Amino acid sequence: MLVTIVIPALDEEEGLPRVFEALPLRDLREQGHQVQVIVVDGGSTDGTRDVAAAHGARVLRFRRGYGRQYRAALAEVPHGVIVTLDADGSYPAGRIAEFVELLLARELDFLSVSRMEEMTPEAMSRMHRFGNAVLSLTMRWLFRVEVKDSQSGMWIFRQEILPFLNLHAEGMAFSEEIKIEAFTRFRALEVPGAYTARIGRAKIRSFRDGLGNLFYLFFKKARRLVGRP
Ligand SMILES: Nc1nc2c(ncn2[C@@H]2O[C@H](COP(=O)(O)OP(=O)(O)OP(=O)(O)O)[C@@H](O)[C@H]2O)c(=O)[nH]1
Ligand SMILES: [Mg+2]
């Protein structure tokens, strides 16, 4: 099986080396998988692209926007299993091989790794915790999906479901949208993961992205109600 690890990165020269160190590439290869790493650059002005290339990743760059760049990068993966995570060292990169095995053994299509179960105190501000709770509650209510952490950026899924996911979000709402699509159309499961404080400066604009993501949930629900995917 081809396992492609996709990492979005905007000015993450500090965090990226730590993510690469934690990737269990050898374990994945010992499990019989072929592994490739793609770093999707958001137009970094620091050494992100050089750091990624030095670690053997393929570096892609597209027009602005977290969602737009994710969609374009995912379209480059021909088959197999896709794993995503942030470039800031906050997600449990060392557990990727375990999650891939779980997806395959349970014959699932999509796994979302929740950050809520094991979070260090500094990992998320109280405001972010509150914002996440509101967004996740709204998503569960509107779409009836079993997801506690609607904003997690760590997903493990089969490439073959991608053409059936209706993904339109151009910005940060991409993360909630891919979960809505996967959980309402495919065999999806949320698994407990962990979350630690990021390395480097945050790229989300808390208030703007939070409100934008809340608005997008209602926009997406309205689209579905009028029969548009
Ligand atoms: N390609 C690309 N990546 C981006 C863009 N904006 C943010 N990112 C990356 O996407 C990931 C998520 O952004 P973060 O700033 O970590 O957002 P977050 O995880 O919600 O917030 P923290 O908890 O503070 O880390 C990081 O790896 C960023 O570098 C963008 O416009 N394009
Ligand atoms: Mg992050």
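**Getting to know the helices, sheet and ligand shell**

Me: How do you know whether the crossing of α6 and α7 is left-handed or right-handed?

Reply: Helix α6 passes α7 in a right-handed crossing. The term rests on the near helix being turned clockwise from the far one by less than a right angle, whereas an anticlockwise turn would be left-handed. This is a predicted model, in which local features need pLDDT of at least 70 and side-chain atom pairs count only at pLDDT 80 or more, while totals for chains, interfaces and linings use all residues. Residues are numbered from 1 along each chain as its sequence is written, and chains are lettered from A and ligands numbered from 1 in the order in which they are written.

Me: What angle do the axes of α6 and α7 make, and how is an axis defined?

Reply: The axis of α6 (residues 126-143) comes within 12 Å of that of α7, and the two cross at roughly 35°. An axis is a line fitted to C-alpha atoms, for helices over the stretch in contact, and angles run from 0 to 180 degrees between N-to-C directions. The names of helices (H or I, at least four residues) and strands (E, at least two) come from DSSP runs, numbered from the N terminus.

Me: Which residues make the contact of α6 with α7?

Reply: Leu135, Met139 and Phe143 from α6 meet Glu176, Ile180 and Thr184 from α7. Contact here requires C-beta atoms, placed from the backbone, to lie within 7 Å of each other. Sorted by class, this contact has four nonpolar, one polar and one charged residues. Ala, Val, Leu, Ile, Met, Phe, Trp, Tyr, Cys and Pro count as nonpolar, Asp, Glu, Lys and Arg as charged, and the others, Gly among them, as polar.

Me: Which residues of α7 and α8 meet, and how do the two helices pack?

Reply: α7 and helix α8 (residues 206-225) pack at an angle of about 35°, with axes 10 Å apart. Here too the crossing is right-handed. On the α7 side, Glu176, Glu177 and Ile180 take part, and they meet Asn213, Tyr216, Leu217 and Lys220 of α8. This contact has three nonpolar, one polar and three charged residues.

Me: Does Val81 count as buried or exposed, and how do you know?

Reply: A residue is buried if 20 or more other C-beta atoms lie within 10 Å of its own, exposed if 12 or fewer, and partly exposed in between, with C-beta atoms placed from the backbone. Val81 has 23 such neighbours, so it counts as buried. Val81 is found in strand β4. Beyond its neighbours within four places in sequence, Val81 is in contact with Met1, Val3, Val100, Leu103, Ile156 and Arg158.

Me: Why is Met127 called buried or exposed?

Reply: Met127 has 11 C-beta neighbours inside 10 Å, so it counts as exposed. Met127 lies in helix α6. Its C-alpha is 9.5 Å from that of Phe207, although the two are 80 residues apart in sequence.

Me: What sets Asp11 and Glu107 apart in exposure?

Reply: Asp11 has 19 other C-beta atoms within 10 Å, so it is partly exposed, while Glu107 has 8 and therefore counts as exposed. Asp11 is found in the loop between β1 and α1 (15-22), and Glu107 lies in the loop between α5 (96-105) and β5 (110-114). Neither Asp11, with a positive phi of about 50°, nor Glu107, with one of about 55°, is a glycine.

Me: What makes α4 mostly covered?

Reply: Seven of the nine residues of α4 (residues 66-74) are buried. Those buried residues pack against β1 (2-9), β2 (34-41), β3 (58-61), β4 (81-84) and α7 (174-185).

Me: What makes β3 and β7 edge strands?

Reply: Seven strands form an open sheet in the order β3-β2-β1-β4-β6-β5-β7, with mixed pairing. β3 and β7 (188-192) each pair on one side only. Two strands pair if DSSP finds at least two bridges between them. β5 and β6 (residues 155-158) have three bridges, in the antiparallel sense, so they satisfy that rule.

Me: Which residues come nearest to ligand 1?

Reply: Of the 19 residues around ligand 1, Pro8, Gly42, Asp86, Ala202 and Lys203 come nearest. A residue is near a molecule or strand if its C-beta atom, placed from the backbone, lies within 6 Å of it. The shell divides into eight nonpolar, five polar and six charged residues. β1, β2 and α4 each supply at least two of them.
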